Amino acid sequence: MTARINLDDLERLHREATPGPWERVQLSPEGLTWLGVTQGDNGYKYRHHIFSRTMRERDENALAAARNALPHLLAVARAALAHREAQLDAHHERTDDYSPQMDAANLRERETWHTLQAALAPFRAGEEKGE
């Protein structure tokens with residue numbers, strides 16, 4: 001069974017967390033690494049870090065990548081949920097006869113589709129370059 005993901009909780013955690021971008025840095029050949037932030041979005045330098053000799057490199061890289069991707073993933077999730085709701089509303093309003101409610105539902109469906117496409121844009125950036 002898949003656990004339900006609470007977007008409100010994830011958004012709260014994202015807002016409360018140290019802003020990124022996060023990165024992993026190898027500090028010594030003996031395996032000492034640093035995971036954290038060296039330059040915040042607001043332009044000043046600070047460090048929030050985790051020093052480790054035991055965490056695997058692939059886990060540290062995954063943590064940094066997931067933290068950096070979180071705002072984009074949240075936007076896609078919100079946009080997809082809104083679009084799905086708009087699709088259901090439009091489906092329920094469809095009849096053979098014209099109605100203002102049907103027009104409104106179809107407009108909302110188109111608007112949420114464009115919002116979803118905009119949220120997906122960062123994930124498509126590599127596609128245009130053939131990555």
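What percentage of the contacts in the protein chain with a separation of 6 or more is accounted for by residues 24 or more positions apart? The share is 41%, where contact means heavy atoms within 4.5 Å.

This is a predicted model, in which local features need pLDDT of at least 70 and side-chain atom pairs count only at pLDDT 80 or more, while totals for chains, interfaces and linings use all residues. Residues are numbered from 1 along each chain as its sequence is written, and side-chain values use heavy atoms, with hydrogens and water left out.

**The whole chain**

Begin with the protein chain in a cartoon view. The chain contains 3 helices and 3 strands, arranged along the sequence as α-β-β-β-α-α. Helices (H or I, at least four residues) and strands (E, at least two) are DSSP runs, numbered from the N terminus.

Next, colour by pLDDT, the predictor's confidence in each residue, from 0 to 100. The mean for the protein chain is 78, and 77% of its residues reach 70 or more. Select helix 1 (residues 7-16) to see the highest confidence, at 92, and then strand 3 (residues 45-52) to see the lowest, at a mean of 59.

A surface view of the protein chain exposes about 9,600 Å², of which carbon and sulfur atoms supply 55%; this area comes from the Shrake-Rupley method with a 1.4 Å probe, and for residues only the protein chains shown count as cover. Of the 131 residues in the protein chain, 26% are buried. Buried means under 20% relative accessible area, exposed over 50%, and partly exposed in between (1.4 Å probe, protein chains only).

**Two buried positions**

Select Leu-35, in strand 2 (residues 33-39). Leu-35 counts as buried because its relative accessibility is 2%. Add Glu-60 to the selection: the C-alpha atoms of Leu-35 and Glu-60 are 6.8 Å apart, although 25 residues separate the two in sequence.

Move to His-83, which belongs to helix 2 (residues 57-93). His-83 has a relative accessibility of 7% and therefore counts as buried. Beyond its neighbours within four places in sequence, the residues in contact with His-83 are Glu-109, Thr-112, Trp-113 and Leu-116.

**The salt bridges**

Now display the charged side chains. The whole structure has 5 salt bridges, each defined as a side-chain nitrogen of Lys or Arg within 4 Å of a carboxyl oxygen of Asp or Glu.

Select Asp-8 and Arg-78, whose side chains form a salt bridge at 2.5 Å, N to O. Asp-8 lies in helix 1 and Arg-78 in helix 2, so this pair ties together parts that are 70 residues apart in sequence. Arg-78 is partly exposed, at a relative accessible area of 32%. Adding Glu-11 shows a network of salt bridges that links Asp-8, Glu-11 and Arg-78.

Stay with helix 1 and select Arg-12 and Glu-16, a salt bridge with its closest N and O atoms 3.2 Å apart. These two residues are 4 apart in helix 1, so about one helical turn separates Arg-12 from Glu-16. Arg-12 is partly exposed at 33% relative accessible area, whereas Glu-16 is exposed at 57%.

Finish with Glu-85 and Arg-108, where the closest N and O atoms of the salt bridge are 3.5 Å apart. This pair links distant parts of the chain, with Glu-85 in helix 2 and Arg-108 in helix 3 (residues 100-128), 23 residues apart. Glu-85 is partly exposed, at 45% relative accessible area, and Arg-108 also counts as partly exposed, at 30%.
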